Every structure is written in C-alpha cells, then in structure tokens.
Amino acid sequence: MEFLDFMLKGNYKKFYQDLKVIGKNKGKNPTIMFIDAAISSILYGSGLSDYLNYKFYERTTKERKKYVTIKYASKFYAKYSPKEAATNLRIKPKFHENYSNYTKRDYFLHEHGIESLKDFINKHPEFIIKPVDGLGGTGVRKASINEYKTVEDLYNNIVENRLFLEEIVIQNEEWGRICPKSVNTIRAMTRIINGKAELFYAAARIGNGKVIMDNFHQGGVGVSINLEKGILIGNAVSKDLEEMEVHSVSNIKFDGFKIPYWEEIKNMVCEAAEINKEVRVVGWDVAIAKDGPLLIEANRRPGFDLVQVLLNHGAKYMLEEVKKTK
C-alpha cells in the first residue's frame, strides 16, 4: 500500500524533465529512460527518486538487484521494524521521555502546561522548534521567544501546529570546525543480530553553511565514516550527486577528518538499540555536544539513499543479514 501511494503521488512531469537533462549530458534518449524506469519499478520496486539517485540509467540488471529500493524497504521495515513496536522511537516527544539518558537536553510539550513553558523559556530564550511528527528535517528551525508577543502566543502556536521545543545543542568545537553554522550530525545505523546490537553503517551529515539544518534533504552533504577509525572517508556528496573534496565555507578537507568521541558514539547507539529489540534496524541521528555525544532522534525506517549514494553501489546485503538471524 505504501509503495502504491508513493507511485500514485509521483511527479512524472518533473521526473521527465530531469531525464531530459540527464539525456542531454549522457547522450541518452529520455523517453527510453522513462520506459526503463517503469520497467525497473515493476522488476525491482524502484521509485522515481531511486532511478535518479542511484543512476539506474547507467546500472546493469545485476547491479540494480543489489539496491534497497522503495518497495524493498517498505516490505522490510513492515516486518523487521514494525510501526506498532516503535511508538517510543517514531513519536519524537516519546523518544525524549524514553531515551532521556541519551538525548541529554531539556524539551517542552504542550501537555506540560504554560507554567512549565515559562520555566523552559527562562532557561532557554532561544530554542529549536520542531513538529511532533515530521520527516527529513521539515519544519525544524531555530527560534527565539522574542519572535512572539507573549509566552501565551508561543504556547498557542505550539498547540495549534503540534509542535514542541528543544534545548539548543552546543556543538563540540572541534567537530564544529567543519561547518560551524549547523549542528552537524552522524547517521549511525544499527541492526539487531541474534539479540545483539551492532553498528553496521555510519555517515556524517554536514550543513552547507547557509542554514542550521545539516540534513541531506535540506541542502547538506553526506560523507561516509570508517567505522573502525572514526574518520571521514572520501568526498562529500550532496542530494544532487555533486561531489566536493573540501567544505565550501570552511575549506576543510573531508577525507581523513577525525570525529571526536567516536568510541562513545558507537557504544551509545548500540546501548540505545538494545532498549527495543523488536525494532531490528534503526537510524540514529547523533550530535556531538561540547561534553560528548547525544541522540537527536531515531528513525525506524532509515532511508538508504544516503547510504547507497555515498557507497555508489547497492546495500541490500546490509539488510539481508538481518533476515538470516533472529
């Protein structure tokens, strides 16, 4: 059903325009690519973004079979990271309540009442405002009480728009050097294998220097991480598949940059993953604060676009390992 909904909502006009640009650059016929995308959808369950992000127009049949596509991911997560088992992960305020040892920051929900909001504002006149339910960083921004005439106005806005507030993370100075204008995070992906959590992939998500968000879908870039050494490896890649060797603002080279508190990050996400073993795969968003790592949020359906774009090959094998075990 999720896959059908996705297909029905596809922006085919824009997709064809994208194919025309690719066709011009690659010497390919956009109409033939469009037909190929339709065939790929039937055979491999790929969506429009899959076809573009993973350059299926250049991939062989053998290569395409190795990708986590939208349909494969939907079926996998329904069984191995079921929605009904993940309430404390997917609903952000509940995540704060149940993972407070790892989130390590103040937050405010409208249920706490206006007096609690006043206390929160007194401590944190600037804060992060987020939707209770949201994906891809949509609706997340830094805000200030000065934007509102009264605390009551802020409270009403929170209630009417299903928002909540978080304390701002003060980023580790060394980690912030690479892009000081955003809270740069680590997407750390864990899986439960025979009842034990393990970190199987990680990437840094670094802002573009223009906005507070680091998110891959909000203009940021991704860089793979060497899991043993805790360093960035290779070039950064944007959502538009543009590669860059150094950050456009700080001019710091990505490859080889050492991540502070790496061992603590690995231990933290594995500990958190074992709190709810029914959710077999989780994508943890980790910030590095001035005194160590903390969790920003958790994703029971972590997207594989970041993973497979950075690796430049399919990563279905990462999830197949989960299917083979308890």
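This is a short tour of a predicted model, going from helix pairs to single residues.

**Stop 1: helices α2 and α3**

Start by selecting residues 12-26, which form helix α2, together with residues 30-44, which form helix α3. At what angle do these two helices pack? The angle is about 125°, and the axes lie 9 Å apart. That makes α2 oblique to α3. Turn the view until one helix lies in front of the other, and you will be looking at a right-handed crossing.

Now show side chains at the contact. From α2, pick Y12, F15, Y16, L19, K20, I22 and G23; from α3, pick P30, T31, M33, F34 and A37. Colour them by character and you should find nine nonpolar residues, two polar ones and one charged one.

While you are on helix α3, click on I32, which belongs to this helix. Is I32 buried or exposed? Its relative accessibility is 57%, and because the threshold for exposed is over 50%, I32 counts as exposed. Next, draw a distance from the C-alpha of I32 to the C-alpha of Y57: the two are 25 residues apart in sequence, and the line should read 9.7 Å.

**Stop 2: K55**

From Y57, step back along the chain to K55. You will find K55 in the loop between α4 (48-53) and α5 (61-64). Check the backbone here: phi of K55 is near 55°, a positive value in a residue that is not glycine. K55 has a relative accessibility of 29% and so counts as partly exposed.

**Stop 3: helices α6 and α15**

Select residues 70-80 for helix α6 and residues 316-323 for helix α15. Their axes are 12 Å apart and make an angle of about 30°. Angles under 35 degrees count as roughly parallel, and α6 and α15 are therefore roughly parallel to each other. The crossing of α6 past α15 is left-handed.

Which residues of α6 meet α15? They are Y72, F76 and Y80, and across from them in α15 are K316, L319, E320, V322 and K323. This contact holds five nonpolar residues and three charged ones, with no polar residues.

Keep F76 on screen and add S81, which sits in the loop between α6 and α7 (87-90). S81 has 0% relative accessibility, so it counts as buried. Which residues does S81 touch, leaving out those up to four places away in sequence? Show F76, V279, R280, V281 and R300 to see them.

**Stop 4: helices α10 and α11**

Move to residues 114-123, helix α10, and residues 151-160, helix α11. Here the packing angle is about 110°, with 10 Å between the axes. That makes α10 roughly perpendicular to α11. α10 passes α11 in a right-handed crossing.

For the contact itself, show I114, L117, K118 and I121 in α10, then V151, E152, L154, Y155 and I158 in α11. These residues divide into seven nonpolar and two charged, with no polar ones.

**Stop 5: N251**

Jump next to N251, in the loop between β9 (243-244) and α13 (262-273). This is another backbone to inspect: N251 is not a glycine, yet its phi is positive, at about 65°. With 58% relative accessibility, N251 counts as exposed.

**Stop 6: A273 in helix α13**

Follow the chain on to A273, which lies in helix α13. A273 is buried, with a relative accessible area of 3%. Apart from its neighbours within four places in sequence, A273 is in contact with T190, I192, A197 and W284. Add G283 as well: A273 and G283 are ten residues apart in sequence, with 9.5 Å between their C-alpha atoms.

**Last stop: cysteines**

Finish by selecting C179 and C270. C179 is buried, at a relative accessible area of 1%. C270 has 19% relative accessibility, and since buried means under 20%, C270 counts as buried too. How many disulfides are there to look for, taking sulfur atoms within 2.5 Å as the rule? The count comes to zero.

Key:
Residues are numbered from 1 along each chain as its sequence is written. This is a predicted model: local features need pLDDT of at least 70, side-chain atom pairs count only at pLDDT 80 or more; totals for chains, interfaces and linings use all residues. Side-chain values use heavy atoms; hydrogens and water are left out. Axes are lines fitted to C-alpha atoms, for helices over the stretch in contact, and angles run from 0 to 180 degrees between N-to-C directions. Helices (H or I, at least four residues) and strands (E, at least two) are DSSP runs, numbered from the N terminus. Angles under 35 degrees count as roughly parallel, over 145 as roughly antiparallel, 65 to 115 as roughly perpendicular and the rest as oblique. A crossing is left-handed if the near helix is turned anticlockwise from the far one by less than a right angle, and right-handed if clockwise. Contact means heavy atoms within 4.5 Å. Ala, Val, Leu, Ile, Met, Phe, Trp, Tyr, Cys and Pro count as nonpolar, Asp, Glu, Lys and Arg as charged, and the others, Gly among them, as polar. A disulfide is a pair of cysteine sulfur atoms within 2.5 Å. Buried means under 20% relative accessible area, exposed over 50%, partly exposed in between (1.4 Å probe, protein chains only).
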